[in-house]
Amino acid sequence: MYDFSKVVITSSPHIKSKEDTQSIMLDVLIALIPSLAVSTYVFGFRAILMTAVSVIACMVFEAVYDKIVGKENTIMDLSAAVTGVLLAFVCPVTLPYWMLIIGDGIAIIFAKCLFGGLGKNFMNPALAGRAFLLASWPVAMTTWAAARSPIGIISNSQETLDAISQATPMAIIKGSAEGELPSIASMFLGMCGGSMGEVSAIALLIGGAYLLFRKVITIHIPAAYILTVAVIALLFPMGGMSSRIDSLAYSVLGGGLMLGAIFMATDYSTTPVSKKGQIVFGIGCGLLTTMIRYFGGYPEGVCYSILLMNTTVWLIDKYTRPTKFGAPAKQKKEG
């Protein structure tokens, strides 16, 4: 007879893994290095300084919050560092540091910690911080530096900002700004104006490939998101573009689509758990992004599309969660 005294009874999950939050977040940081390298080449040393300030601010805000509420210090799980990098990546490199720090505070305290910390927040903290900054300082958040422009490390006068500013490709296509569209090759390699996280598609794809190789993310959300935008842009060319292929290329490579699809929409805490749910989530993000780009007053829609879809995750999970093994027929139908 089997000796059941040796059986260890524990609560789920029963699958053990060597991966933990720190190792996963470290992989995300490693995946973002190619984009940071390209951004440093395009915008200069200020790109590194902006990222460092944002990371430090996020970690300080989280440490102070943990201290005030009496929680164990959680900054070593590196989730705050990832939020800091991502928030810096979706802001203009010319943004004053104090504004960026305020955005960090909103992201960490209001979008993450007040909901219980990592794993309990319902929206992506970095995008919540960006949305707050865009609503509070729209001019500063939409002043984009041109590639290889002389950007000061500490500060820039308004005259300098006017001289080095350049409209983003999405703003030019939408007609909300004047300028010459960069070539598709420039957008792919990383020689166009915009935020640090949208200047180089190839750098983001390299990072995404690394995350897929490390099994940190799955292909479902990025593929569903990008393919939805691509198909709509192909069928209905944006901005009156004569070439459907150009419409597809600029829609996919322009703006923050790659960064959002690979690094933002795949956030564990704010996306569905099932593969089917993740596909639905990605398609929803793609549809909302194109709706905002085509019909909204803002040339980019990635930030708000992901935030809006974050609020629907509970509903997506409700209707796409897998049926429990051995569940009664009624529960399967409801479940």
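This is a short dialogue on how to read some features of a predicted model.

Q: What should I know about the model before I start?
A: It's a predicted model, so local features need pLDDT of at least 70, side-chain atom pairs count only at pLDDT 80 or more, and totals for chains, interfaces and linings use all residues. Residues are numbered from 1 along each chain as its sequence is written, and side-chain values use heavy atoms, with hydrogens and water left out.

Q: How many helices and strands does the protein have?
A: Helices (H or I, at least four residues) and strands (E, at least two) are DSSP runs, numbered from the N terminus. Here you get 17 helices and zero strands.

Q: What share of the residues counts as buried?
A: Buried means under 20% relative accessible area, exposed means over 50%, and partly exposed is in between (1.4 Å probe, protein chains only). Of the 335 residues in this protein, 50% are buried.

Q: And how much accessible surface does the protein have?
A: Accessible areas come from the Shrake-Rupley method with a 1.4 Å probe; for residues, only the protein chains shown count as cover. The total for this protein is about 16,600 Å², and carbon and sulfur atoms hold 68% of that.

Q: How many salt bridges are there in the whole structure?
A: A salt bridge is a side-chain nitrogen of Lys or Arg within 4 Å of a carboxyl oxygen of Asp or Glu. The search finds three. In one of them, R214 pairs with D27 at 3.0 Å, N to O. R214 sits in the loop between α10 (201-213) and α11 (220-235), while D27 is in helix α1, 187 residues apart, so this pair links distant parts of the chain. R214 is partly exposed because its relative accessibility is 36%, whereas D27 is buried because its value is 4%.

Q: Where do E62 and K112 sit in the chain?
A: Their side chains meet in a salt bridge too, at 2.7 Å, N to O. E62 belongs to helix α2 (residues 46-69) and K112 to the loop between α4 (97-110) and α5, with their positions 50 residues apart. E62 counts as buried because its relative accessible area is 2%, and K112 counts as buried because its own is 3%. Another salt bridge joins E300 and R293, with the closest N and O atoms 3.0 Å apart; both of these residues are buried.

Q: How do I find empty space, and what is the volume of the largest pocket?
A: Rolling a probe the size of a water molecule over the atoms shows where empty space is left. On a 1 Å grid over the protein atoms alone, a cavity is a set of points where a 1.4 Å probe fits but cannot get out, and a pocket is an open set with protein on both sides within 12 Å along at least five of seven lines; lining residues have an atom within 4 Å of a point. Grid points are joined across faces, edges and corners, and a volume is the space filled by probe spheres set on the points. The largest pocket holds about 550 Å³. It has 25 lining residues, and I24, M25, D267, Y268 and S269 are the closest to its centre. Helices α1 (21-43), α3 (79-89), α5 (125-136) and α13 (257-264) each give two or more residues to this lining.

Q: Which classes of residue line that pocket?
A: Ala, Val, Leu, Ile, Met, Phe, Trp, Tyr, Cys and Pro count as nonpolar, Asp, Glu, Lys and Arg as charged, and the others, Gly among them, as polar. The pocket lining has 14 nonpolar, eight polar and three charged residues.

Q: What is the volume of the largest cavity?
A: About 140 Å³, and the search finds one cavity of 30 Å³ or more. Its lining has 16 residues, with V90, R130, G256, V302 and C303 nearest the centre. Helices α5, α13 and α15 (302-310) each supply at least two of the lining residues. By class, that lining has ten nonpolar, three polar and three charged residues.

Q: Which residues is T290 in contact with, beyond its neighbours within four places in sequence?
A: Contact means heavy atoms within 4.5 Å. T290, in helix α14 (residues 275-295), is in contact with V229 and I232.

Q: Is L78 buried or exposed?
A: L78 is buried because its relative accessibility is 15%. It lies in the loop between α2 and α3, and its phi is positive, near 70°, in a residue other than glycine.
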